[in-house]
Amino acid sequence: MRSMVDDARIPKPGFWSNWSSWEEADAQNSLGHDPLFVFPKDKLVEEGSNVTICYVSRIHQDNISCYLEGVQIYGERLDRSVSAFELKNVSFIRKKGTNVFCKVDQGGALGGIVLFVSKVLEEPKDFSCETQDLKTLTCTWDPGSDTGLSKQPSQSYTLFESFSGKKTLCKHRNWCNWQVAQDSQETYNFTLVAENYLRKRSVSILFNLTQRVHPMTPYNLFPKNVRATNATMTWKVHSIGNNSTLLCRLELLAEGKVIQQHNVSIKVNGEYLLSELEPDTEYVARVRCAYTNHFWKWSELISQKFNTAEAAPSEAPDVWRNMKMVSGHPTVSLFWKPLSKVHANGKILFYNVIVENLDKPSRLEVLSIPAPARSTELTLDQCSYQIHVTAHNNVGPSPASVIVISGDPGNEEVESGRVNGTEDGFSVSWKPQSGDATGYVVEWCDGPQDLPCVLQWKNLGPNTTSTVISSGAFRPGVRYNFRIYEISAKRMAHLLEKKAGYLEELAPSDNPQVVMSNLTSHSFTLSWKDYSTESQPGFIQGYHVYLKPKAGEQCPPAFEKTVLPEDSVCCKHTIDNPEQKTFVVENLQPESIYEFFVTPYTSVGEGPLDAFTKITTPDEYSHILIRIILPMIFCVLIVMIICYLKRQWLKEKCYPDIPDPYKSSVLSLIKSKENPHLTIMNVNDCVPDAIEVINKPEGSKIQFLGTRKSLTETEFTKPACIYLLPTEKNYSGPGPCICFENFTYNQAASDFASCGHFPVTPQAPPHQLGPLTSPENLLKALEQNYMNSLGEIPAGEANLNYVSQLASPTSGDKDSLPTNPPEPALCSEYKMQMAIPLGLASAPPSENSSLSSATLLGQGEHYR
Amino acid sequence: MRAQRMRRTPLSVILGLLFLSMAATSKCLGKYHELLLQLQRQADLMQDTSTLLDPYIRIQGLDTPGLKEHCRECPGAFPSEDALRGLSRQGFLRTLNATLGLVLHRLTALYQDLPEAQQLVGLNIRGFRSNIHCMTLLLRSSSEAETPEPTQPGPGPTPPPTPPSDAFQHKLKSCRFLRGYHCFMHSVGQVLREWGESRSRSRSRRHSPRRAPGDTAPSGPCRGGARRMWPFRRDRRLMPRGHLPR
């Protein structure tokens, strides 16, 4: 051990004493009862120091591990129970100290220490002192890091003034107040000492008090007498000493920028007239002051907002018009731009539009349009009008903007040109027409053509022949149309030129809808007449027609081979006329598959590569086949349908069941060719001279109706005959009946049907006869017999037999049937024949008879 | 973990202020069940290590392997759960009040280490003691004839007179003390919960040491380590009817 004096009064460096003699200590015995002892306990060191830590264990064990914040550390073993660890360049971890501990691996005994590592005390920075009132000095500094720990409080600061020998312990870390002495001390030498357990740091400054005056912030800054173009600002300052003067700086800001700056020397009250102000404008005035005797620092700023008063608008509104005819009347849409804030001089309340007829004296028409409207519409007649437009605010109107409208719009058709767009906009130029132009106007629509036009215009001077039209609304790929008007001395506008252009041309975004027609074996026609070239993102220069022929085939003559982006090869034809919207693809092969695709192109490129449309050319004869066979098939179908619908008529005409001699075509043929007077013989008209009767030797297998017996079972002893009746129609009595052979007639049927008689067999009971006398019974019998006959007719005999249809004039009375037995005399009238199955030969006669009951009943009239 | 603590902090403040205001106005809940429920909830809140122990371990740098496991409760520092269960209700409340008084005193010494947490926990303990006072009054009014039970001597928190320890030992001791405090509050919560359960049981089993099946009390902060039975007198007086629930 050795020692040294540590006192500020003793100049450094001091001198160490001699070392004491060595003393021997028994470490183990000093441990007490703890099995493990780690030291030094609660050591306080500075960051970056090297620290040696030892442990002494009461039990001699090798399995003791030591850790620094949980991380094992390795040291030097001094003997069996003592080890030392050197920690180099220790760092600050926490205010609660760094934990270092050792423990027996298995026994659980634990010993440890807390090493308090303090941050290094820093020298105070930016130490300075100043006064606001020459009474109190305020010293400030940047303290740097806090060195406080559990073991050590934060560093303290002491202010020491060497001339007065006074010092004060500062209560705050970064500032301290010092009372200025009453003895008018002007010069001060301050030393700031920062101190903690480990270190002291100090910094000194020397200054004159009057050179460290930092005035307090001015107060009560207000505008006074605020007008449209000037205002007076007033403010106050805190006095410094007696009769001290302050230099104040008054600044005027508009939209955040200082536009005026004025210096004013004052004692307590300040005042300044600000001029050249804009009407109806918000300003900010701010003031700061400094000690005049010796400038040290400006005081803090004080600010105040104020608004100047309004004034009448200083400029006429920028007016333009758009003319159109509505229902035969010229209609003028007037547009005007809102006045800029600089020119409006206040809030615009309304616009006045005064319309004056120039052709004939009339009353002025005045329209008042409330703001913020920017347009109005006027319907005029064919006269010329002068229109005045003024903007009004609270104070008054603006100068008038005058425009003259001619009632006769004239022929304003002019040639259209193109204009190139650049990054800056469209560079539009024109050629003056007349020498008395007072100006030019370029108008355009800000949006695309398919959107409602937002009319824009630009006024230009009379000597201007070009301008750059720029707008934030311009977009690439949109066509903009510009119109250049010349304003005459009479303030009338005449259209000079039209220009169209793109800010930046783009490739077409879509392809035309192509219609294919006139497909032949060697050609087809493509057309895209609906494609509008006006609404494309660039000037359409033409079209590319792509054609993919079948594999191995050469391109048609008008095409050239090209490679598509997807590396497929196809043929391409270029149409360099944007108005040509049809194209005939020729020289094709029959029965081949072709794919085509049409795309427009601009100066930038062509449209998107869409899908190809596939077509197949027909063979060379297919069109012939189509032209002949299809109509034929159609005609056949028509004929078949007609035949089907008229089958009954055809049947009667061509193959009736019973030929009608009067309807026979043979008759007409004979009539026309041989003997026009030839007629069909009517039996009634004939007076028979002689009748040859021929016996029919064999019987017919005719089933007789009502007896349920086959005719073969009935022996006809009488020959088949026809009764010949007298020609007199009024003959009513029975008479001789002459029979002649008619092989087409069935005698049995004739006996029954032609006379309406039912032959009654002797065995037939009377009751069997009765029911048949009524039509109902007859029908039943017929049906029953028909059904039976269908079952009994052999297949080979189920053909038609002609049944004689002889009707007696009296036999038609059905009431006489049961009472009047068949009388052959009544059978002389020839009736139309009908075809019925053999078994139904007894059906009543009818021209279109069938076996339906309705027909049978209806035919009853024939009996009368 | 921090977020969880942040969520709990306002709740602790609210509860603490509530209980403080109750104590300040000296108005006690006259309903046994509500008071008991409040005590149970307070005990659950105070056994939560995130309010005190966890911040302490983190601030002191004890959350490192090798040190963490040495922050376990000192046997005998606080009455064990069995010892608490063996007390009569009046005795239990007196012991609880005395123990928490010592805890409050000890926490004041930890103010430098845990300024914010210590303040909140202090409020909680004061509120809890207020409710203990109310419960004591409620039990006393319902059993006027009950023989006054001597106050049990203060439990372990009073440190034995030992030479001043170094900072390392102080850290470990404080850590163990805080863990013991949370364990103790866990045991208190268990006993209070049994008070509520005992109403539905027979009187003879009012202080059954067994836990009720399906007990959903929060798991306590105490893990492992034999807890010494606190030698309190087993006084199992019945509560008079009419005031205490069955």
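1. A good place to start in this predicted model is the meeting of two helices in chain B. From H6(B), the residues B:Val121, B:Ile125, B:Phe128, B:Met135 and B:Leu139 touch B:Tyr181, B:Met185, B:Val188, B:Leu192 and B:Trp195 of H7(B). The residues of this contact comprise 10 nonpolar, no polar and no charged.

2. Now for the geometry of that pair. H7(B) covers residues 167-197, and its axis lies 14 Å from that of H6(B), at an angle of about 30°. Angles under 35 degrees count as roughly parallel, and H6(B) and H7(B) are therefore roughly parallel to each other. Their crossing is left-handed.

3. H6(B) has another partner to look at. Helix H2 of chain B (residues 32-46) and helix H6 of chain B (residues 115-142) have axes that come within 10 Å and cross at roughly 150°. With angles over 145 degrees counted as roughly antiparallel, H2(B) and H6(B) are therefore roughly antiparallel to each other. The crossing of H2(B) and H6(B) is left-handed.

4. If you would like to find this second contact on screen, look on the H2(B) side for B:Tyr32, B:Leu35, B:Leu36, B:Gln38, B:Leu39, B:Gln42, B:Ala43, B:Leu45 and B:Met46. On the H6(B) side, the residues are B:Asn124, B:Ile125, B:Gly127, B:Phe128, B:Asn131, B:Ile132, B:Cys134, B:Met135, B:Leu138 and B:Leu139. The make-up of the contact of H2(B) with H6(B) is 14 nonpolar, 5 polar and no charged residues.

5. Some residues of H6(B) deserve a second glance. B:Ile125, B:Phe128, B:Met135 and B:Leu139 are listed in the contact with H2(B), and these residues also meet H7(B).

6. Let us turn to chain A. Its 864 residues include 39% that count as buried, and the chain contains 9 helices and 47 strands. Taking contacts in chain A between residues at least 6 apart in sequence, 65% join residues at least 24 apart.

7. One residue of chain A makes a friendly close-up: A:Ser401, which sits in strand E30 (residues 401-405) of chain A. Is A:Ser401 buried or exposed? Its relative accessible area is 14%, and buried means under 20%, so A:Ser401 is buried.

8. What does the side chain of A:Ser401 reach? At 3.0 Å from this side chain is the backbone oxygen of A:Pro317. Beyond its neighbours within four places in sequence, A:Ser401 is in contact with A:Ala316, A:Pro317, A:Val319, A:Ile387, A:His388 and A:Val389. A:Pro317 thus appears both in this contact list and as the residue whose backbone oxygen the side chain reaches.

Note on methods
Residues are numbered from 1 along each chain as its sequence is written. Chains are lettered from A and ligands numbered from 1 in the order in which they are written. This is a predicted model: local features need pLDDT of at least 70, side-chain atom pairs count only at pLDDT 80 or more; totals for chains, interfaces and linings use all residues. Side-chain values use heavy atoms; hydrogens and water are left out. Axes are lines fitted to C-alpha atoms, for helices over the stretch in contact, and angles run from 0 to 180 degrees between N-to-C directions. Helices (H or I, at least four residues) and strands (E, at least two) are DSSP runs, numbered from the N terminus. Angles under 35 degrees count as roughly parallel, over 145 as roughly antiparallel, 65 to 115 as roughly perpendicular and the rest as oblique. A crossing is left-handed if the near helix is turned anticlockwise from the far one by less than a right angle, and right-handed if clockwise. Contact means heavy atoms within 4.5 Å. Ala, Val, Leu, Ile, Met, Phe, Trp, Tyr, Cys and Pro count as nonpolar, Asp, Glu, Lys and Arg as charged, and the others, Gly among them, as polar. Buried means under 20% relative accessible area, exposed over 50%, partly exposed in between (1.4 Å probe, protein chains only). A polar contact is a pair of N or O atoms within 3.5 Å; within protein, one must be able to donate a hydrogen and the other to accept it, and residues adjacent in sequence count only if both atoms are side-chain atoms.
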